[in-house]
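Visitor: I'd like to understand how the labels on a model like this one are earned. Could you take me through a few of them?

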Amino acid sequence: VGKGVYKKASPPLYVLRPDGSTLYTYRDIVYSFKKASMSDLILNIICSEQDLAQQKVALGMCMMNPAMKGRQYHLSYDLVKLTTGKMSGRRGRYLLADDLYQDLKDIIKEKMAKKSQDKGEKVDEKAFESVTHEVSAAAMKYALLSCACQTQINFDIAKITDFEDASAPFILYNSTRLRSVIAKYESRVATGELPPLADIKEMEFDELDDDKEWALLMEYVLPFSQMLCEAALPKLPEPPALPSYGTHKVCEFLNAMVRAVSGYYGPAGVRILPMTNHVKEGEHMWNKNAMWQRVHYLRALRQVLDNGLRLLMIEPLEKM
């Protein structure tokens, strides 16, 4: 099948060698029939270098039994490409995952150490080592999962370790920012400065008066489950077209959401917690209901981000 799923002439399907022994494709057809007898649907996750062979297997099955049409699909995935070119074991051009992890960790350590230094924070070496390990592993996973299966992955370490956009460090950093605001609220409650959080069932959410709040709700919080269904359960196409499963859709969703969230609160956005001097002056200086509603709102945003990260096998962090 060519680009755009147009049909072109298929090369011959050879099943036997001159000595009478069977070829791999023929044996795969037989094995596929066995799999079909034990399942309703077969998804073969095999590299794109086997695209033609898998097409031959599917066509061979249909020729022998037309009822097999649409029973087996090839989930093709492309390879990882280095900046120096395509990997090849025979030519000695390859990169081990451990080596890539260490390269990422060295850069992430440097960037995070500089952030801490700029803030004047004292770094606990044990905690720093643990966090940089988690961020480095997350950066690798995100880089692999953020590309569509049939798209070649080009590892760009500068992009993978970018704390400002489209990377695991970027999403994790903004996730910890949400946690930090919620933790600050809980800390001020513990000291008696602020009242405990009211039950969400008592909230009308009528104090959420910023357009960004409702935009985030309608564009990210509510559609999250639908996005997951589209990524994990796409409609199966008419063969020989291939289904389009996509972890990259989760990555794109989280990246877009975090961009929107990062501009929602903070110095130039909505204030979530009241200033200490306003609290001391009395409740006429701040809105208790608005604070409660926005803390619940931040919890919902954090939950969506955490769920999305965990689906990518990335554990959210408490602090970065």
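Guide: Gladly! Let's start with a cut-off: buried means under 20% relative accessible area, exposed means over 50%, and partly exposed lies in between. Keep in mind that this is a predicted model.

Visitor: Why is leucine 16 called partly exposed?

Guide: Its relative accessible area is 48%. Partly exposed is the range between 20% and 50%, so leucine 16 gets that label. Leucine 16 sits in the segment before helix H1 (24–37).

Visitor: Which residues make the nonpolar surface patch with Leu16?

Guide: Leu13, Val15, Tyr26 and Val30 join Leu16 there, and the patch covers about 380 Å².

Visitor: How do you know that lysine 56 has no salt bridge?

Guide: The nearest side chain of opposite charge, aspartate 28, is 12 Å away. A salt bridge needs a nitrogen-to-oxygen distance within 4 Å, so lysine 56 has none, although lysine 56 is buried. This lysine belongs to helix H2 (residues 51–64). Leaving aside neighbours within four places in sequence, lysine 56 contacts Pro11, Pro12, Leu13, Thr25 and Ile29.

Visitor: What makes the disulfide count come out as it does?

Guide: The rule asks for two cysteine sulfur atoms within 2.5 Å, and the count is zero. Take cysteine 229: the closest cysteine sulfur, in cysteine 251, is 17 Å away, so the gap is too far for a bond. Cysteine 251 is in no disulfide either, with the nearest cysteine sulfur, that of cysteine 147, 8.6 Å away.

Visitor: Are cysteine 229 and cysteine 251 buried or partly exposed?

Guide: Cysteine 229, at 38% relative accessibility, is partly exposed. Cysteine 251 is at 1%, so it counts as buried.

Notes: Residues are numbered from 1 along each chain as its sequence is written. This is a predicted model: local features need pLDDT of at least 70, side-chain atom pairs count only at pLDDT 80 or more; totals for chains, interfaces and linings use all residues. Side-chain values use heavy atoms; hydrogens and water are left out. Patches are made of residues with over 30% relative accessible area and no salt bridge: like charges are joined within 9 Å, nonpolar side chains (Val, Leu, Ile, Met, Phe, Trp, Tyr) within 5 Å. Accessible areas come from the Shrake-Rupley method with a 1.4 Å probe; for residues, only the protein chains shown count as cover. Helices (H or I, at least four residues) and strands (E, at least two) are DSSP runs, numbered from the N terminus. Buried means under 20% relative accessible area, exposed over 50%, partly exposed in between (1.4 Å probe, protein chains only). Lys and Arg count as positive and Asp and Glu as negative; His and the chain ends are not counted. Contact means heavy atoms within 4.5 Å.
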